[in-house]
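The following report describes the fold of a single protein chain. It proceeds from the chain as a whole to its sheet, its core and one pair of helices.

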Amino acid sequence: MANKKGNNKKSGIIVGAGALVVVVLIVGLILGFKEKEEVFPTFQDVGGKIETQVGDYKLDKQPYLGDPNAPVKVVEFVDYKCPYCAAWTKNDLPKLKKDYIDTGKAQLYVVNFTFLGPDSIKAAMVGEILWKQNHEAFWEYHDALYAHQGEEKSIWAKEKYLLSMIEKYVPHGDAAAVKQSLANLDGLFEVKEDFKITTSNGISGVPTFVIGGQKYVNPDYTELSSIIDSNLSAATK
């Protein structure tokens, strides 16, 4: 009987060791397949002198929609992680385009204000890169990213995700070229410049619109159209 008890105890130790080996192997596989944590660019990663002044939004460098000769300029400050920006793009941008942009009454510019997370900068960099590739590609990306936006407080605008958005929803864009451009930190200077433009002009939230030199924070479409109409009247006097 004593021998049987001893044998049972020994076999129990062997089984326990075997289970431990299995657990270690599983943990090792999980760690092995886990992606490396993405390192996001910061403004310290790019040099270059940036000069700004109040009232100057450097519109000649900004993505836009509409006729450059349109009498009213609408400047929108955005962060691609902002849910209010996404809602405005979905619900109000089509109305603005139909009523004012397509009719030549107003021109829309987009300026980055990347403050909601480290991935805000990378999302904006991709936009800048695409604008230089093809203007249509920028707007395809702009609309697609808002339509497939992640949670505001999560780090979702990672490079792999952004490139997948281009492959799926940006027919005028080149994902491979964007990937190479990101590796070279292309677009980072422009995003940094936008941030300085934003802070120099006292913009503190998104979406903020500047029309006729006045700031309007997240206006509804009725208010926005009234502001544009007022500026149109002033411009045609």
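Among contacts (heavy atoms within 4.5 Å) in the protein chain between residues at least 6 apart in sequence, 78% join residues at least 24 apart. This is a predicted model, in which local features need pLDDT of at least 70 and side-chain atom pairs count only at pLDDT 80 or more, while totals for chains, interfaces and linings use all residues. Residues are numbered from 1 along each chain as its sequence is written, and side-chain values use heavy atoms, with hydrogens and water left out.

The protein chain has nine helices and five strands; helices (H or I, at least four residues) and strands (E, at least two) are DSSP runs, numbered from the N terminus. Along the sequence they follow the pattern α-β-β-α-α-β-α-α-α-α-α-β-β-α. Of the 237 residues, 42% count as buried, where buried means under 20% relative accessible area, exposed over 50% and partly exposed in between (1.4 Å probe, protein chains only).

**The sheet**

The five strands form an open sheet in the order β1-β3-β2-β4-β5, with mixed pairing; two strands pair if DSSP finds at least two bridges between them. The edge strands, each pairing on one side only, are β1 (64-65) and β5 (214-217). Strand β4 (residues 208-211) runs antiparallel to β5, and four bridges join the two. Strand β2 (residues 72-78) also pairs with β4 in the antiparallel sense, over four bridges. The residues of β4 that stand opposite residues of these strands include the following.

| Residue in β4 | Opposite residue |
|---|---|
| T208 | V217 in β5 |
| V210 | K215 in β5 |
| T208 | F77, its bridge partner |

Both faces of β4 are covered: T208 and V210 are buried on one side, and F209 and I211 are buried on the other. A hairpin with two residues between the strands connects β4 and β5, and G212 in its turn has a positive phi of about 60°. G212 is 18 residues from S230 in sequence, and the C-alpha to C-alpha distance between them is 9.6 Å. S230 belongs to helix α9 (residues 221-235) and is partly exposed, with a relative accessible area of 47%.

**The nonpolar core**

A nonpolar core is a set of buried Ala, Val, Leu, Ile, Met, Phe, Trp, Tyr and Cys residues joined through side-chain atoms within 4.5 Å. The largest one has 61 residues, and those with the most contacts inside it are L96, L108, Y141, I166 and I228. Helix α4 (residues 118-133) gives the most to this core, with eight residues. Leaving aside neighbours within four places in sequence, Y141 is in contact with Y80, A123, V126, G127, L130, L162, I166 and V170.

**Helices α2 and α5**

The axes of helix α2 (residues 83-91) and helix α5 (residues 135-147) come within 9 Å and cross at roughly 120°. Axes are lines fitted to C-alpha atoms, for helices over the stretch in contact, and angles run from 0 to 180 degrees between N-to-C directions. At this contact, C85, A86 and T89 in α2 meet H142, D143 and Y146 in α5. These residues divide into three nonpolar, two polar and one charged; Ala, Val, Leu, Ile, Met, Phe, Trp, Tyr, Cys and Pro count as nonpolar, Asp, Glu, Lys and Arg as charged, and the others, Gly among them, as polar.
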